[in-house]
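Visitor: I have a structure open and would like to go through its interior and its helix packing. Could you take my questions one at a time?

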Amino acid sequence: MKFIEPTGDEEWMVVKMQSANLAGIKSEGEESGRPRPLLSSPLRDRMHSGVKTSSGGSSPQSGESISHKGANWRQLMAFMPVAMSLERARDGVIIDANSHFGELFGLEAGLAVGQPFHDLFCHRGERRKFLRALLATNGCLVNYEVQVKKFSGITPGEGPTWVSIAAECLDWDGEPVIIKTYQDITERVQLKTALAQSEANLKAILNSSLQSILLIDRDYKIQSFNKIAAENAQLVWQKQIREGDSIYQYVAAEDLDSFNIHFAAALQGEYIRLEKPIQGVWFEFSYGPVFNDTGEVMGVCLTALNVHDRQQAVTSLAKSEARFRSLVQYSSDAIAVVCADGTIHYQSPSVERILGYESGALLRKNALDYIHPQERKLVIEKFFKALKQPGQVVKIEFRFRHCSGNWVYLDAVGSNWSHEPSINGFVLNCRDVTERKQQEEKLRLLERAISASSDGIVISEAKAHTPLVYVNPSFEQITGYTAAEVLGRNCSFLQGVDKNQPELEKLRDAINQGTDCTVVLRNYRKNGSLFWNELRLSPVENDQGKITHYIGVQTDITQRKAAEEQLFHQAYHDSLTGLPNRALLMERLREAGIQSKRQPDYLFSVLFIDLDRFKLVNDSLGHAVGDMLLIVIALRLEACLRPGDTLARLGGDHFVILSENISTVDDATALAESIHRQLQPPFCLQGHELFITASIGIALSGSDCCRPADLLRDADIAMYRAKQAGKGRHAVFDTAMRDRVVALLHLENDLRRAVYELENGISNPFFLVYQPIISLASGTLVGFEALVRWQHPERGLISPIEFIPVAEESGLIVPLGKWILQEACRQLHQWQSENPSFNALTCSVNLSGKQFLQPDLLEMIDSILTATGLNSQSLKLEITESILMENTETAIATLSQLRQRHIRLGLDDFGTGYSSLSYLHQFPCDTLKIDRSFVKSLGSDPTHQKIVRAIVTLAHALDMDVTAEGIETTNQVEQLANLGCEFAQGYFFSPPVSAIVATSLVSSPEPSCPYRPYSRS
C-alpha cells in the first residue's frame, strides 16, 4: 500500500518527535514491545497499564494489527465509550481504531486502518496545523476542534460535522505514534451559533426601547438593564449603574416606602403603573412580575419612561453599549470511571480544567457526595438502574461541586462497563454546560422582559417587503391582530388606506440608508379604530456588518396626541369663553404687523375692552354669576365683529378686538360704538337683572409702535384714559398718553442704576423704616414690619407705591428684596443682642412674587440667617395669596421647606385676591393679615365687619393668628379686639419709623404705645 511521505513542516515535526523518542529510549531503558510516552500523562499511563508487546523493535507497518502487541490495549480501546484511533506520527496512517470511530466517521474501522486520517476526513493543510498544535502542547493535546467530512459525504440538507480531538504522542518501540479520542461537537457548535444570534436579537430589542428597563431579582439586585436605564441613572443620580447593584442605590429616601409597596405588589403578581418625579425629572414607572417556567415570580421588570416634557418626542436612542458576555467555548469533556459504590477510581486530566480538582484529588472519593442535593436522588436512581444492565448507556444533567465550592452544570453520558475486568466500573463522559445553562436562564429572563414590556416590539427581515418574523404580546394588544395574522406580512397594512403620510417617506429613507429613525404614524387597529403609533426603527447587523433584520418598538401615543391637541387649544384659547387668549392674539397681531409692513396702506386697529365695575358683580353675586356674565358678554361682542376680526379674552374682565383691513379710525370708533349699544340691554342671570358698560381703548397700526405688545399697551393706556373720563366710553390713543409711560421708563432706569450701585457697593440710596406691630391682648410691642424707602438723588424721597411696582415688573425686586431681607435680619439681631429680653421680637419682611419663584430662594435665606446670626424663629416672611395660587404645588413645597427651618409665614392682603379655601389649609402659614381696605370701613360697612369676622374665624380654625393693618382709630382697635384679632399695626400706634427711632422703642423698658388692652368685662 502506498504511504504519503512527510514533506516540509511535517518532516521537521516528525524529526522532532523521533528525537524526543530516541531520548525517551535512552533515558528510560524500558523493554521493547510496549508504547513509551514521549511525555508523562495520567490518562495514557492508565490506558497503557497491563499492555505487553513482543520484544521486537520494528515499527508498526501499514495495516498491521496491534493485537500481537497487547490484547488488553485493543480491548481497552473497544471498551471506551468514545471514538478512538491510533496513528503513525510520521505520515498520519491509521494503525487501529475502535467501532465508535467507524460510527462517527461513517467508515468501518477496518477500512480506515492503513490510510492517512487527514486524507480521508480533512484537507492536507489541516494535518500541519494539527502537528503544530500537538508539539505546542508537549505531545498532549486536548480540545482540538476541527471540521471533518464523513466518508459517506454530506447528504443534501445536512450541515458540516465538527469533532473535538484529544491526542497524545507515545513511543511504540522507537516509533512515535499518536493516540486520539474523538467527540462529535456539531450540536454544540450549532447551539453556540444559535445562542449568539438569539442574544444579539434580544440585546437589540432591549436597547431599541425608548424606556429604561431593569430586571431585578427577589433580592432587590439588578440583573440586567438597557442603555436608556444607564443614561437615566447618570442623569438623575450622577452614577454609573452596574449589574449586581442594589436597586435601593437608585431610590430616594422619600420614595422608599412607595417603592417597597409597589415592588412587593409586583412580586405578588400585580402590574403597577404610576408617574412621579425623581430628582426633579418626571418618569412613568411600570412594575411587572417576571415568571419562571413553573409560574412563580422570580423577579420584577421595572420600566421607566422619561415624560418630563410631553411636547417633545424622543428624537434618538443611542445604540446600546456591550453588556452581554459572549458565550465561552465548551471545554473538552471530563472522563471518570466510578465503581458500583460510587467511588471514583479514575479521572482524566480535563477534570482539573473543568472542576478545579488536581490530578488524583478525586480518586477514592465518592462521586455522589459532590452532586447537588436536589439532583442526587435522580442520579442515584439512574446510576443503580444502569448498573443492573451491563452495557447500558444513560444521559443526565446534574450539578457537581467545583473545587471552589461553586456548582458546575454537567451534561453526562454514562456507560456501564462493570462487566469488563479491565475497566470494572461506570464510565462517565461529562461536558461543562454551566455557561449554556446560565445563558439559557438569562435569555428566558430577557424574553419574559420583552413580553412584559408595554411597548409593541416587532422584528422583520431585511429583504424584499420586510416581512415580520416576531411580534410580542403588547403588539397584539395594541393592534388587535394576533401573531399568526401578521407574521410574514409587511407592517404597512397598519396604515390601511392612509398611505400619504409625510412620515412614511422618512421611514422609507431610513430603511434604504440602513439608519435609525423615529416616526409618528397614523395606524389602524383590526377593528378599524385609529391610533397614533410612535415607531422607533433600528437595523440589526450580523458579524460581517450586513443588515439582516430590523427591530421596531411601537408606542401607542393616542392619549398623548389627544392631550397635546387639548393642551394646544388650552394654550391658545380661554377656558371660560372659548375665545382666543393672549398668546393667540399676540400671534395674530404679529401677522397683522407683518402685513402692514408689506402693504403701507394696510390699516388695523386694536380695541382694549374693560368691563366697568365688574368686580362688584363677583363680590356681590359670586364668581359663578360673574363667569356666566363673561360668557354672555363674549357672545354679544362676537355679534359686533366683521368676518376676519379677532375677539380675545386676556383674563378677568378684559377683552381685546383685533380689527384688520380698516379704512380709517372712524371704522374703529364705529365698532366701539356698536359695542356700547350691544351692552346697553340688561343681562338677566339667575333672576338678577344686570347692567354692564365697558371702557374701550383704541390703538391704530399707523402709530409708531412696531411690536404687537406695544400696540396692545397703547390700547390699554387709552382704555384707562376712557375709564378716567367716565364709564361706558372709548378713547383713541395719542402720543400724549405715552408721557406717563415715558415717566415710568425713566423711573425704571433710575431704579436700575440705584440697585446696581447698591449691589456693587458704590452707594446705597435705599433705607428701611420699621412699623411696630402691637399685641391687642397686652398692648406690648411684639415686632416690626420692615418697609423700604428710596432717596432719589434728584427727586428726593420716592414712595414705595410708585417704585415697588416698577421693581416687580422689571425684576429688580429680586436683588433689592435680598438687601431688604439681609438688612432687616441684621437690625433685628442687633436689637436682640442689645436687649436680650426682646429675643421673642419678630421682624416681618414682604416677599415678592419674583423672589418667591427664585430657584435659589432657600439657599439665599439660609446664607442671610447664617451671616447675620439671626434665629430663624424671629423672622416672618409675608407672601400675598395671589403668589401662592399661581403655582400651588411649588408654593406648598417651598413653604414647607421654610417651615422646616422654623421661619414664620404670613399670608398678606388676605381677601383681596382670589382666595381658594381648598388650598388654604394646605399652606403651612402662621398668620393671616387682614388688608387695610377691610379695616378702614369697619365702623361704616357691616359687610366688611362680617368679612373680618369670617377671616378671623377661618384663621383660628386653621391654627393661625391674625394681624390687621391700617389701624387708624380707637373704634377699629376695639372692634378688632372684640373679634379676636391678636395683632395690629397702623398709624394709630405708630407710622413707619427709622431704625434709630425703632431702636429707642426696643431699648425702652416699656415702649410707649397709645393703646392699652381693651377690657370687655
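Visitor: Which residues have the most contacts inside the largest nonpolar core?
Guide: This is a predicted model. Its largest nonpolar core has 82 residues. Those with the most contacts inside that core are Phe766 and Leu877.

Visitor: Which helix gives the most to this core?
Guide: The contribution in question is nine residues. The helix that gives them spans residues 813-834 and is α25.

Visitor: Leaving aside its neighbours within four places in sequence, what is Leu877 in contact with?
Guide: One of the partners, Leu821, lies in α25, at its contact with α27. With neighbours within four places in sequence left aside, the full list for Leu877 is Leu821, Val845, Leu847, Ile861, Leu898, Ile903, Arg904, Leu905 and Gly906.

Visitor: How many residues has the other core, apart from the largest?
Guide: Among its members are Ile633, Ile662, Ile696 and Leu700. This core lies apart from the largest one, and its count is 31 residues.

Visitor: Are α25 and α27 roughly parallel or roughly antiparallel?
Guide: Helix α27 covers residues 857-868, and its axis comes within 9 Å of that of α25. The two axes cross at roughly 30°. Angles under 35 degrees count as roughly parallel, so α25 and α27 are roughly parallel.

Visitor: Which residues of α27 meet α25?
Guide: The crossing of these two helices is right-handed. From α25 come Lys818, Leu821, Gln822, Cys825, Arg826 and His829. On the α27 side they meet Met860, Ile861, Ile864, Leu865 and Thr868.

Visitor: How do the residues of that contact divide into nonpolar, polar and charged?
Guide: The classes are counted over the residues of the contact of α25 with α27. The division is six nonpolar, three polar and two charged.

Visitor: Is the crossing of α25 and α34 left-handed or right-handed?
Guide: Helix α34 is residues 995-1003, with its axis within 10 Å of that of α25 and a crossing of roughly 30°. That angle makes the pair roughly parallel. The crossing of α25 and α34 is right-handed.

Visitor: Which residues of α34 make the contact?
Guide: Helix α25 brings Gln827, Trp831 and Glu834. By class, the contact has four nonpolar, two polar and one charged residues. The α34 residues are Ala995, Ala998, Thr999 and Val1002.

Visitor: What percentage of the residues of the chain count as buried?
Guide: The chain holds 34 helices and 37 strands. Of its 1017 residues, the buried share is 49%.

Note on methods: Residues numbered from 1 in each chain as written. Predicted model: local features only at pLDDT ≥ 70, side-chain atom pairs only at ≥ 80, totals over all residues. Heavy atoms only, no water. Core = buried A, V, L, I, M, F, W, Y, C linked by side-chain atoms within 4.5 Å. Buried < 20%, exposed > 50% of the residue type's maximum accessible area, 1.4 Å probe, protein only. Helix = DSSP H or I, 4+ residues; strand = E, 2+ residues; numbered from the N terminus. Contact = heavy atoms within 4.5 Å. Axes fitted to C-alpha atoms, helices over the stretch in contact; angles between N-to-C directions. Parallel < 35°, antiparallel > 145°, perpendicular 65-115°, else oblique. Left-handed = near helix turned anticlockwise from the far one by under 90°. Nonpolar A, V, L, I, M, F, W, Y, C, P; charged D, E, K, R; others polar.
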